Amino acid sequence: MINEYAMSYVCFECCKSFMRQLPKPERNPETMTCPDCGNHSYNFGRHFKPPKKSDKKQWDKIRFLFKHGFRFQKIRNNPDNYYDTVPFPKTLEQAKEFVVKYKKFSIESWA
């Protein structure tokens, strides 16, 4: 039996997220085609909760975080407590500080 995860994919053109059930293998695809507009959509993992399509400020924040390597993956800053995770910023202004403070946790720094 193969375990499955529901992964969120984000389309910045449509300002939407859609879920896909994927097997829990080594790695899930980083991009998929948006079922609505046909552009790229990006894997934001299992924990992403999209804002309303009309919430431009939140979508601007999400774009900013994405550009800096954050896809709403869990960030564990305390090695002694696996369950202690860092909350993602609520505003774009907070996101600007967040990307500096947690740069070592960005996807770009994994490469």
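**Note on Ser106, the H1–H2 loop and the second largest pocket**

1. Ser106 sits in the segment after H2. The model is a predicted one. Ser106 has a relative accessible area of 0% and is therefore buried. Apart from residues up to four places away in sequence, Ser106 is in contact with His68, Gly69, Phe70 and Gln73. Along the chain, 40 residues separate Ser106 from Phe66, while their C-alpha atoms are 9.3 Å apart.

2. Gly69, one of the contacts of Ser106, belongs to the loop between H1 and H2. Its relative accessibility is 5%, so Gly69 counts as buried. Beyond four places in sequence, the contacts of Gly69 are Ser106, Ile107 and Glu108. For Gly69 and Ile107 the C-alpha separation is 4.8 Å, with their positions 38 residues apart along the chain.

3. Gln73 is another contact of Ser106, and it too is placed in the loop between H1 and H2. Is Gln73 buried or exposed? Buried, because its relative accessibility is 13% and the cut-off is under 20%. A polar atom of the Gln73 side chain lies 3.1 Å from the backbone oxygen of Phe105.

4. Arg71 is also located in the loop between H1 and H2. Arg71 carries a charged side chain by class, and its relative accessibility of 16% is under the 20% limit, so it counts as buried. Which residue has a side chain joined to that of Arg71 by a polar contact of 2.8 Å? The partner is Glu30. Setting aside residues up to four places away in sequence, Arg71 touches Glu30, Tyr42, Asn43, Phe44, Phe66 and Ile107. The C-alpha atoms of Arg71 and Gly45 are 7.2 Å apart, for a sequence separation of 26 residues.

5. Two residues have a backbone angle worth checking. Phe72, in the loop between H1 and H2, has phi near 65°, which is positive in a residue other than glycine. Phe72 is counted as buried because its relative accessibility is 13%. Cys15, in the loop between strand S1 (4–11) and strand S2 (16–23), likewise has a positive phi, near 55°, and is not a glycine. With a relative accessible area of 15%, Cys15 is therefore buried.

6. On the nonpolar interior: the largest nonpolar core has 20 residues, and those with the most contacts inside it are Phe44, Leu65, Phe70, Ile75 and Phe98. Helix H1 (56–67) and helix H2 (92–101) are the elements that give two or more residues to this core. H1 supplies the largest share, five residues. Phe70 of this core is also among the contacts of Ser106.

7. Phe44 can be read in more detail. Not counting residues up to four places away in sequence, Phe44 touches Ser8, Val10, Phe12, Ile62, Phe66, Arg71 and Phe72. Its partners thus include Arg71 and Phe72, which are both placed in the loop between H1 and H2. Another partner, Val10, falls within strand S1 (4–11).

8. Phe48 is in the loop between strand S4 (40–45) and H1. At 3% relative accessibility, Phe48 is counted as buried, because the limit is under 20%. Outside four places in sequence, Phe48 is in contact with Ser8, Val10, Ser17, Ile62 and Phe72. Of these, Ser8, Val10, Ile62 and Phe72 are touched by Phe44 as well. Phe48 and Glu13 are 35 residues apart along the chain, and their C-alpha atoms are separated by 17 Å.

9. The last point concerns a pocket. How much space lies in the second largest pocket? The value is about 190 Å³. The second largest pocket is lined by 13 residues, and the closest to its centre are His47, Phe48, Lys49, Phe72 and Phe88. By class, the lining consists of six nonpolar, four polar and three charged residues. Phe48 and Phe72, both named at the centre of this lining, are in contact with each other, and both count as buried.

Key. Residues are numbered from 1 along each chain as its sequence is written. This is a predicted model: local features need pLDDT of at least 70, side-chain atom pairs count only at pLDDT 80 or more; totals for chains, interfaces and linings use all residues. Side-chain values use heavy atoms; hydrogens and water are left out. On a 1 Å grid over the protein atoms alone, a cavity is a set of points where a 1.4 Å probe fits but cannot get out, and a pocket is an open set with protein on both sides within 12 Å along at least five of seven lines; lining residues have an atom within 4 Å of a point. Grid points are joined across faces, edges and corners, and a volume is the space filled by probe spheres set on the points. A nonpolar core is a set of buried Ala, Val, Leu, Ile, Met, Phe, Trp, Tyr and Cys residues joined through side-chain atoms within 4.5 Å. Buried means under 20% relative accessible area, exposed over 50%, partly exposed in between (1.4 Å probe, protein chains only). Helices (H or I, at least four residues) and strands (E, at least two) are DSSP runs, numbered from the N terminus. Contact means heavy atoms within 4.5 Å. A polar contact is a pair of N or O atoms within 3.5 Å; within protein, one must be able to donate a hydrogen and the other to accept it, and residues adjacent in sequence count only if both atoms are side-chain atoms.
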